[in-house]
Amino acid sequence: AAQVQDLNQSKSQLEQLIERINSESREKFQTTFDQVRIHFQELFRKLFGGGKADIFLENPEDILESGIEIVARPPGKETRTISLLSGGEKSMTAIALLFAVFQSKPSPFCILDEVAAALDEANNERFNLIVKQFQDI
């Protein structure tokens, strides 16, 4: 009987701990997601010289299990999901999102191997400007 009581108490403590961790994780994720979203919108406009982009939670009611939808509208184009963009546009959108994450949660280092491979000369120059801005941060 004592062992069953100990097991029930341990189970209850674990459930409380899981709920606390999930609650804190939801709060931290939402805060970070909101910051990344703002930075992504700004960086996208800088990299594309205009346009609009956004990220959305596919299931905002369960943010810990939700996917993230990326929507981008380069200047002069319709709003579309990232899968419908050209290779260069996908790369620039991914760069904007990557740098938005770094701007929200800085990393001591980053390796950007072949990141500019799909970019044309104008986009490569915009990418270089963003990298130089991050060097100052």
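## Burial of Asn-123

A residue counts as buried when its relative accessible area is under 20%. In this predicted model, Asn-123 has a relative accessibility of 14% and is therefore classed as buried. Asn-123 belongs to helix 3, which covers residues 121-135. Beyond the residues up to four places away in sequence, Asn-123 touches Leu-47 and Met-92. Leu-47 is one of the helix 1 residues that meet helix 3, and Met-92 is one of the helix 2 residues in the contact with helix 3.

## Helix 1 against helix 3

Helix 1 spans residues 2-48. The axes of helix 1 and helix 3 come within 8 Å and cross at roughly 135°. Because of this crossing angle, helix 1 is oblique to helix 3. On the helix 1 side, the contact involves Leu-43, Lys-46, Leu-47 and Phe-48. The partners in helix 3 are Asn-123, Arg-126, Phe-127, Ile-130, Gln-133 and Phe-134. By residue class, this contact comprises six nonpolar, two polar and two charged residues.

## Helix 2 against helix 3

Helix 2 runs through residues 87-104. Its packing against helix 3 has an angle of about 5°, with the two axes 12 Å apart. The angle therefore makes helix 2 roughly parallel to helix 3. Helix 2 contributes Met-92, Ile-95, Phe-99, Phe-102 and Gln-103 to the contact, while helix 3 contributes Asn-123, Arg-126, Phe-127, Ile-130, Val-131 and Phe-134. These residues divide into eight nonpolar, two polar and one charged.

## Ile-130 and Ser-91

Ile-130 lies in helix 3 and, with a relative accessibility of 3%, counts as buried. Apart from neighbours within four places in sequence, Ile-130 is in contact with Leu-43, Lys-46, Leu-47 and Phe-99. Ile-130 thus appears both in the contact of helix 3 with helix 1 and in the contact of helix 3 with helix 2. The C-alpha atom of Ile-130 is separated by 22 Å from that of Gly-76, which is 54 residues away along the chain.

Ser-91 is located in helix 2. Its relative accessible area is 18%, so Ser-91 is buried. When neighbours within four places in sequence are set aside, Ser-91 is in contact with Ala-118 and Leu-119.

## The largest pocket

The largest pocket has a volume of about 270 Å³. Its lining consists of 12 residues, of which Phe-99, Phe-102, Ser-107, Cys-110 and Phe-134 are the closest to the centre. Helix 2 and helix 3 are the elements that give two or more residues to this lining. Helix 2 gives the most, with three residues.

The lining divides into 10 nonpolar and two polar residues, with no charged residue. Phe-99 and Phe-102, named among the residues closest to the pocket centre, are also helix 2 residues in the contact with helix 3. Phe-134, likewise among those closest to the centre, takes part in that contact from the helix 3 side.

## The loop residue Asp-62

Asp-62 is placed in the loop between strand 1 (52-57) and strand 2 (68-73). With a relative accessible area of 30%, Asp-62 is partly exposed. The C-alpha atoms of Asp-62 and Glu-125 are separated by 40 Å, and the two residues are 63 residues apart along the chain.

Conventions. Residues are numbered from 1 along each chain as its sequence is written. This is a predicted model: local features need pLDDT of at least 70, side-chain atom pairs count only at pLDDT 80 or more; totals for chains, interfaces and linings use all residues. Side-chain values use heavy atoms; hydrogens and water are left out. Helices (H or I, at least four residues) and strands (E, at least two) are DSSP runs, numbered from the N terminus. Buried means under 20% relative accessible area, exposed over 50%, partly exposed in between (1.4 Å probe, protein chains only). Contact means heavy atoms within 4.5 Å. On a 1 Å grid over the protein atoms alone, a cavity is a set of points where a 1.4 Å probe fits but cannot get out, and a pocket is an open set with protein on both sides within 12 Å along at least five of seven lines; lining residues have an atom within 4 Å of a point. Grid points are joined across faces, edges and corners, and a volume is the space filled by probe spheres set on the points. Ala, Val, Leu, Ile, Met, Phe, Trp, Tyr, Cys and Pro count as nonpolar, Asp, Glu, Lys and Arg as charged, and the others, Gly among them, as polar. Axes are lines fitted to C-alpha atoms, for helices over the stretch in contact, and angles run from 0 to 180 degrees between N-to-C directions. Angles under 35 degrees count as roughly parallel, over 145 as roughly antiparallel, 65 to 115 as roughly perpendicular and the rest as oblique.
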